Amino acid sequence: MGKQRCTAVVLAAGTGSRMHSEVPKQYMLLRGKPLIWYALHAIEESAVIDDCILVTGSGADDIVYVRDEIVARYGFRKVDTVIAGGRERYDSVYQALQVIDDGDMAVPNRDGYIFIHDGVRPFLTEEILRRCYETVEKYHACVAGMPVKDTIKIADSEGYAAQTPDRSLLWQIQTPQVFDTQLILSAYRELMRERENLARNGISITDDAMVVERYTGYKVKLVQGSYENIKITTPEDMAVAEAFVT
């Protein structure tokens, strides 16, 4: 069987609050290029990814800016659609999945794979994409990550160390998070039906793997990402990223 179609959903709907910046962090410059450029460039050059949905901020100006100053300016031909995101991360993912579910793309992706990636993780590589593709083929659901290097403590409600889990079993989760198209669509439909109950019970949905774990019978396979595959959240992260750019 030939290669399955692979669509990347790139999330770029964040703000600059933790960066202490008025410019959303995905548009801040890293060595002369917007931060979002790096992930999109990796996708553009990838033999794994066929097309891309770019999820930006909720304002009409955000979409225009991204289309003109990012996609058109840098010639990202794989970006099929630019859409507005939602209030929460999972809202933004759901908006992109609706585009896929409705078939509103140049080439619909009904039975392939969906790669969900944080646009502020600039050090996405072809090796990571390839490993994820090979893993999702076998297991239907996988996430990039790396074993933790530090000892982790679980705190109690008063801030005391309560437990020390076995470090050999702990992974720091990254993106991309990759799923069969129909599997992730089904999981997110259930999530959106249950979202009000989750809010009432104080349950936070922090990544896509959690959605699949909660609403389907599938286990999510961990696959090696990279220690350089960092998420840019604070000014300190930006300084580290400067060192990683070659």
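The legends below describe several close-up views of a predicted model.

Local features are described where pLDDT is at least 70, side-chain atom pairs count only at pLDDT 80 or more, and totals for chains, interfaces and linings use all residues. Residues are numbered from 1 along each chain as its sequence is written, and side-chain values use heavy atoms, with hydrogens and water left out.

**View 1. The open sheet and the order of its strands.** Helices (H or I, at least four residues) and strands (E, at least two) are DSSP runs, numbered from the N terminus. In this view 7 strands form an open sheet in the order S5-S4-S1-S6-S10-S7-S11, with mixed pairing, where two strands pair if DSSP finds at least two bridges between them. Strand S5 (79-84) and strand S11 (221-224) stand at the edges and each has a single partner strand, so one side of each is left without a neighbour in the sheet. Neighbouring strands of this sheet are turned by 25° against each other on average, direction ignored; axes here are lines fitted to C-alpha atoms, for helices over the stretch in contact, and angles run from 0 to 180 degrees between N-to-C directions. Strand S7 (residues 141-147) pairs with S11 in the parallel sense over 4 bridges, and across this pair Cys142 stands opposite Lys221 in S11.

**View 2. Two helices that pack on the sheet.** Helix H2 (residues 60-74) packs on the sheet and touches strand S4 (51-56) and S5, its direction making about 150° with that of S5. Helix H5 (residues 181-200) also packs on the sheet, where it touches S6, S7 and S10, and its direction makes about 110° with that of S10. Contact means heavy atoms within 4.5 Å.

**View 3. Strand S6 and its two partner strands.** Strand S6 (residues 113-118) is mostly covered, with 6 of its 6 residues buried, where buried means under 20% relative accessible area, exposed over 50%, and partly exposed in between (1.4 Å probe, protein chains only). In a regular strand the side chains alternate between the two faces of the sheet. Both faces of S6 are covered, since Tyr113, Phe115 and His117 on one side and Ile114, Ile116 and Asp118 on the other are all buried. Strand S1 (residues 6-11) runs parallel to S6 and is joined to it by 6 bridges, and Leu11 stands opposite Asp118 in S6. Strand S10 (residues 171-180) runs antiparallel to S6 and is joined to it by 4 bridges, with Tyr113 opposite Asp180 in S10.

**View 4. The crossing of helices H5 and H6.** The axes of H5 and helix H6 (residues 208-215) come within 9 Å and cross at roughly 85°. The two helices are therefore roughly perpendicular to each other, on a scale where angles under 35 degrees count as roughly parallel, over 145 as roughly antiparallel, 65 to 115 as roughly perpendicular and the rest as oblique. On the H5 side the contact is made by Leu183, Ile184, Ala187, Tyr188, Glu190, Leu191, Glu194 and Leu198, and on the H6 side by Asp208, Val211, Val212, Arg214 and Tyr215. By class, this contact has 9 nonpolar, no polar and 4 charged residues, where Ala, Val, Leu, Ile, Met, Phe, Trp, Tyr, Cys and Pro count as nonpolar, Asp, Glu, Lys and Arg as charged, and the others, Gly among them, as polar.

**View 5. Ser92 and its surroundings.** Ser92 has its place in helix H3 (residues 89-102) and is buried, with a relative accessible area of 4%. A polar atom of the Ser92 side chain lies 3.0 Å from the backbone nitrogen of Gly86; a polar contact is a pair of N or O atoms within 3.5 Å, of which, within protein, one must be able to donate a hydrogen and the other to accept it, and residues adjacent in sequence count only if both atoms are side-chain atoms. Not counting residues up to four places away in sequence, Ser92 touches Leu11, Ala13, Val55, Gly85 and Gly86.

**View 6. Phe244 in helix H7.** Phe244 lies in helix H7 (residues 235-244) and is partly exposed, with a relative accessible area of 26%. Phe244 and Phe123 are 121 residues apart in sequence, while their C-alpha atoms are 8.3 Å apart in space. Leaving aside neighbours within four places in sequence, Phe244 is in contact with Phe123, Glu228 and Ile230.
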